[in-house]
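Please examine the sequence and the model below before reading on. The paragraphs that follow proceed from a helix to a strand and its partners, and end with a pair of cysteines.

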Amino acid sequence: MKAKKLVAIITTMVLVITMGVCMTSCGDNGGKGEAEVIELRIGSGHSETGMPYNVAANDFFVKEVEKRVAERTDYEIKWITAWSGSVAKLAEVGDAVGAGLLDVGAVCSAFNSNMILQNLTYNVPFNSPDLVTVNKIMEQLSEEYPEDFNKVFDDMNSICLGIGGVGCYQLITTMPVDEISDLKNVGVAAAGPNLPMLKGTGAVPIQGDLTEAYTSFQTGVYDGWVMYPASSDGYKLYEVAPYQTNLDLGAVSCGYITVNKDKFNELPKEVQEILIEVGREYTVESGVIANEMDEKGLQHMVDNGLTVVEMKPGEKEKYAELIPNMAKSWVEDANKAGYNGTEIMKRYIELLKETGYELPRDRSEEL
């Protein structure tokens, strides 16, 4: 009798242990067995909440890769995040990926002078305000001119998975601006690639840094910023510069998801395929997110006292005539670096016009 009870107890214990093991190894992997964990380090110089291309990297790319790998493979992705320059500063992210300090990076091309082709859209003033459109054109160009567009990534021992960016650049100021003459002798800040957009306007271009923008407005260092609404709102610039003039200088593709080439080649094929798949979707999703962030940011600023100013009729066309031919300067730099600069810029403008968008001044014939 005692023996039978002992056998029953042991049998029960074995069943409990077996069930526990099954729950541990099978429960989170659709009953396929214990998943092999793959650790991937992803980072950027910007935070995961401030810039649209990074918001898309964190909220879409990271989560979708993790989800799809878990659902469709016998592997599990464990992300180790390094945002806000904790591993690499803005100008260092691409090289950090190539060196293996990061496996995946959200690279901001604006801070990398060697990414000439990836900075193309900064040199098309009054570009399309829709980042989805801009990203798609850049993706098409990279497919039509793969040797040109892949060279910088090859040099950095990396592969480009997707294209991100930021929304449409406007002008936020301490006073209303509805014609170009209002900018004469006014200090206006901008990120490096945007500074040429101020030449010829009479404004005093100042290299700016968003982290100190609020204080600089307060202390009178400058009275304007060339910035898209999402970040004007995020940095609360509307509190010290309560006017936004809709210059519609355009959205730009400037955030590139890259992966270390050696790390990529080590990954299982099905994981590689998911990275490529999600990267392509990121190109569209990052545009959608940037557009939404601009829309919500502008509305929030208006709700908190921002006044939106429209340029007087003909002023945008006047502005387009005043600023230098940035596209031509870009072409000269790209050609000098060994790229098909002239052909690529002309093709970009051609594809832009095919979407139905009209530039206030089409300078493709001057290239």
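At which residue does H2 bend, and by about how many degrees? The model under discussion is a predicted one. In it, helix H2 bends at Asn58, by about 30°. The end-to-end span of the helix can be set beside this bend. H2 comprises 21 residues, for which a rise of 1.5 Å a residue gives an expected span of 30 Å. The C-alpha atoms at its ends are 28 Å apart, and this agrees with the expectation.

Glu64 also belongs to H2, which covers residues 52-72. With a relative accessibility of 18%, Glu64 is classed as buried, because the limit for that class is under 20%. Its side chain is joined to that of Arg68 by a polar contact of 2.9 Å. A general property of helices is relevant here. An α-helix has 3.6 residues a turn, so residues three or four places apart point the same way.

Attention now turns to strand S8. This strand runs over residues 243-260 and is mostly covered, with 16 of its 18 residues buried. Which strands pair with S8 in the antiparallel sense? One is S3, formed by residues 104-108, which is joined to S8 by five bridges. Within this pairing, Tyr256 of S8 lies opposite Val107. Another is S4, residues 158-173, whose antiparallel pairing with S8 extends over twelve bridges. There, Asn260 of S8 has Ser158 opposite.

Strand S9, residues 307-309, pairs with S8 in the parallel sense, and three bridges connect the two. Thr307 in S9 is the bridge partner of Tyr243.

The cysteines complete this account. How many disulfides does the structure hold? The number is zero. Cys108 and Cys254 illustrate the point. The cysteine sulfur closest to that of Cys108 is in Cys254, at 4.6 Å, which is too far for a bond. Seen from Cys254, the closest cysteine sulfur is in turn that of Cys108. A disulfide would require the two sulfur atoms to be within 2.5 Å, and the separation of 4.6 Å therefore does not qualify. Are these cysteines buried or exposed? Cys108 is buried, at 4% relative accessibility, and Cys254 is likewise buried, with a relative accessible area of 1%.

Technical notes. Residues are numbered from 1 along each chain as its sequence is written. This is a predicted model: local features need pLDDT of at least 70, side-chain atom pairs count only at pLDDT 80 or more; totals for chains, interfaces and linings use all residues. Side-chain values use heavy atoms; hydrogens and water are left out. Buried means under 20% relative accessible area, exposed over 50%, partly exposed in between (1.4 Å probe, protein chains only). Helices (H or I, at least four residues) and strands (E, at least two) are DSSP runs, numbered from the N terminus. A polar contact is a pair of N or O atoms within 3.5 Å; within protein, one must be able to donate a hydrogen and the other to accept it, and residues adjacent in sequence count only if both atoms are side-chain atoms. Two strands pair if DSSP finds at least two bridges between them. The expected span of a helix is 1.5 Å times one less than its number of residues. The bend at a residue is the angle between axes fitted to the seven residues ending there and the seven starting there.
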